[in-house]
Amino acid sequence: MRILIVGGGTGGTILGNNLARRLAAELRSGKSKITMLSASDRHMYQPGLLYLAVGRMTPDELYRDQAGLLEPGIEFHVDPVEEFHLDQNQVRGKSGKTWDYDIIVIATGSRIVPETIPGLAENAETFYTEETALKMFKRLQRFDGGRVVITVGVPHKCPMAPMEITFLLHDYFKDRGILDKVKMHYTYPIGRMHSLENVAKWVQPEYDRLGITYETLFNMKEVDGANKVLKSEEGSDTPFDLLIAIPAHRGQEVIEKSGLGKGGWVPTHRQRLNVEGHDNAFVIGDTTNLPISKAGSTAHYQAEALGENIAAMVKLGTPVRDYDGKVFCFIEAGKDRATYAMFDYQNPPDPQPPSRAIHWSKLAYNKLYWASARGLL
Amino acid sequence: MAERRMIDARGSFCPGPLMELIAGMKLASVGDELEVLSTDKGSVADIPQWISKVGHEFVESREENGVWHITVKKTK
């Protein structure tokens with residue numbers, strides 16, 4: 001059985017290692033083969049970008065060598081896929097090589113598309129790439145006060161990032177002694193402060209306590225850079241001196257170009273995680289069109305469920321379990337407090353008051369992530 | 001040519017049905033109808049509220065076996 005994993009991010013890496021352990025005997029005997037194709041020979045811990053943007057991490061802390069994270073039985077190649085041909089059980093890489101498979105897993109992730117909002121890329125700071133996070137930090141260092149607007153596009157990766165960057169910026173300005181010269185304003189696309197109702201109920205009094213103002217039902221339409229005004233689809237304007245954006249995301253271009261899904265999101269069965277209409281093609285992580293959070297933990301739990309199922313398909317000829325929609329997200333509530341949200345398709349989250357202990361757990365996880373990617377956690 | 005698309009947001013706590021609809025609207029063309037499936041009763045109020053504020057068209061809302069089907073039309 002030839003298993004092809006396209007994408008070497010959180011989901012692809014955890015899945016590959018999970019499968020390599022479950023299929024160790026089959027890999028040794030040559031009955032199974034696991035191949036991973038990725039766009040990079042490096043693996044980034046993406047949540048670290050949040051800390052990079054406020055000077056609490058450095059770029060070298062974000063990366064590990066991808067091959068070094070993988071079980072020895074996995075064949076790894078840097079060859080980003082440029083064409084998917086699911087009906088022929090083939091993909092074509094940038095190298096020109098055709099890769100055949102019996103089972104394929106698509107885990108190509110998502111990307112920011114600030115260019116879809118006129119003026120946003122030119123006038124806003126973002127933190128979803130190493131380059132932009134560093135640029136944001138350098139901008140923050142030069143910032144001496146004024147109105148800071150944090151604005152949120154849809155859909156976006158890491159649902160807690162808008163609140164986390166707001167809390168971290170508050171503490172950054174406080175530590176620099178310029179908080180009294182800063183007015184922070186937060187906008188959110190729907191009619192409350194966060195998509196999770198219980199999180200929204202928690203965050204609103206926190207913002208009130210910190211003097212952070214907010215506007216809900218605010219979806220970015222365009223940025224007037226000359227006048228430093230952000231305009232919304234709903235018809236309101238908000239002025240800014242410093243604009244921090246969580247831009248809208250899309251899946252990778254190759255997904256849409258291959259006809260696998262509008263916007264780069266692949267129609268996916270919510271429990272079995274197969275590409276709709278294909279029994280031997282699966283999707284995990286940001287790439288799915290599922291109505292759940294685009295987050296590393298989502299990819300992690302999906303990878304564990306799918307690893308068990310693909311191993312069972314090899315050994316029994318059939319999958320054995322469903323993915324239940326599980327997501328777990330830490331929520332940094334400043335530089336020294338945090339809470340978390342855990343939920344699935346059936347059960348909403350119930351976040352507890354932030355504490356130092358949960359913050360320390362998050363800091364520990366920033367290091368333990370590498371064990372998680374190896375499939376050890 | 002206008003299309004009719006379904007957004008299956010049943011069981012979605014995060015990002016939730018309205019956020020799924022906003023994302024779907026961005027990928028839709030003028031004239032397309034989008035039917036949101038939601039198990040959150042709050043969608044019956046918050047989706048029409050947003051549609052009205054932005055200026056799209058609310059088509060209908062109905063409930064079947066605990067699932068709300070809310071249909072809207074992209075008008076601009």
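Me: In β14(A), which residue is the bridge partner of A:H185?

Reply: This is a predicted model. Strands of a sheet pair through backbone hydrogen bonds, either parallel or antiparallel. Here, A:H185 has A:T213 of β14(A) as its bridge partner. Strand β13 (residues 182–187) of chain A pairs with β14(A) in the parallel sense, over 3 bridges.

Me: In what order do the strands of this open sheet of chain A stand?

Reply: The order is β11-β18-β12-β13-β14, which makes 5 strands with parallel pairing. At the edges stand β11 (124–125) and β14 (213–215) of chain A; each has a single partner strand, so one side of each lacks a neighbour in the sheet.

Me: How should the packing of α1 and α10 of chain A be read, and at roughly what angle do their axes cross?

Reply: Two packed helices are described by the angle between their axes and the distance between the axes. For helix α1 (residues 10–22) and helix α10 (residues 296–315) of chain A, the axes come within 8 Å and cross at roughly 30 degrees. Angles under 35 degrees count as roughly parallel, and α1(A) and α10(A) are therefore roughly parallel to each other. Their crossing is right-handed. On α1(A), the contact residues are A:T10, A:G11, A:I14, A:L15, A:N18, A:L19 and A:R22, while those on α10(A) include A:G296, A:A299, A:H300 and A:I310. By class, this contact has 8 nonpolar, 7 polar and 2 charged residues.

Me: At about what angle do α1 and α2 of chain B pack?

Reply: Helix α1 (residues 17–27) and helix α2 (residues 43–54) of chain B pack at about 35 degrees, their axes being 9 Å apart. The crossing of α1(B) and α2(B) is right-handed. B:P17, B:L18 and B:L21 of α1(B) make the contact with B:S43, B:D46, B:I47 and B:W50 of α2(B). These residues divide into 5 nonpolar, 1 polar and 1 charged.

Me: How many residues of each chain are in contact across the interface of chains A and B?

Reply: Chain A contributes 23 residues, in contact with 19 residues of chain B. The side of chain A that touches chain B has 13 nonpolar, 7 polar and 3 charged residues.

Me: Is A:Q88 buried or exposed?

Reply: A residue is exposed if 12 or fewer other C-beta atoms lie within 10 Å of its own. A:Q88 counts as exposed because it has 9 C-beta neighbours inside 10 Å. A:Q88 lies in the loop between β6 (81–85) and β7 (90–93) of chain A. Its C-alpha atom is separated by 8.4 Å from that of A:D100, 12 residues apart along the chain.

Key
Residues numbered from 1 in each chain as written. Chains lettered and ligands numbered in written order. Predicted model: local features only at pLDDT ≥ 70, side-chain atom pairs only at ≥ 80, totals over all residues. Contact = placed C-beta atoms within 7 Å. Nonpolar A, V, L, I, M, F, W, Y, C, P; charged D, E, K, R; others polar. Axes fitted to C-alpha atoms, helices over the stretch in contact; angles between N-to-C directions. Helix = DSSP H or I, 4+ residues; strand = E, 2+ residues; numbered from the N terminus. Left-handed = near helix turned anticlockwise from the far one by under 90°. Parallel < 35°, antiparallel > 145°, perpendicular 65-115°, else oblique. Pairing = 2+ DSSP bridges. Buried ≥ 20, exposed ≤ 12 C-beta atoms within 10 Å, placed from the backbone.
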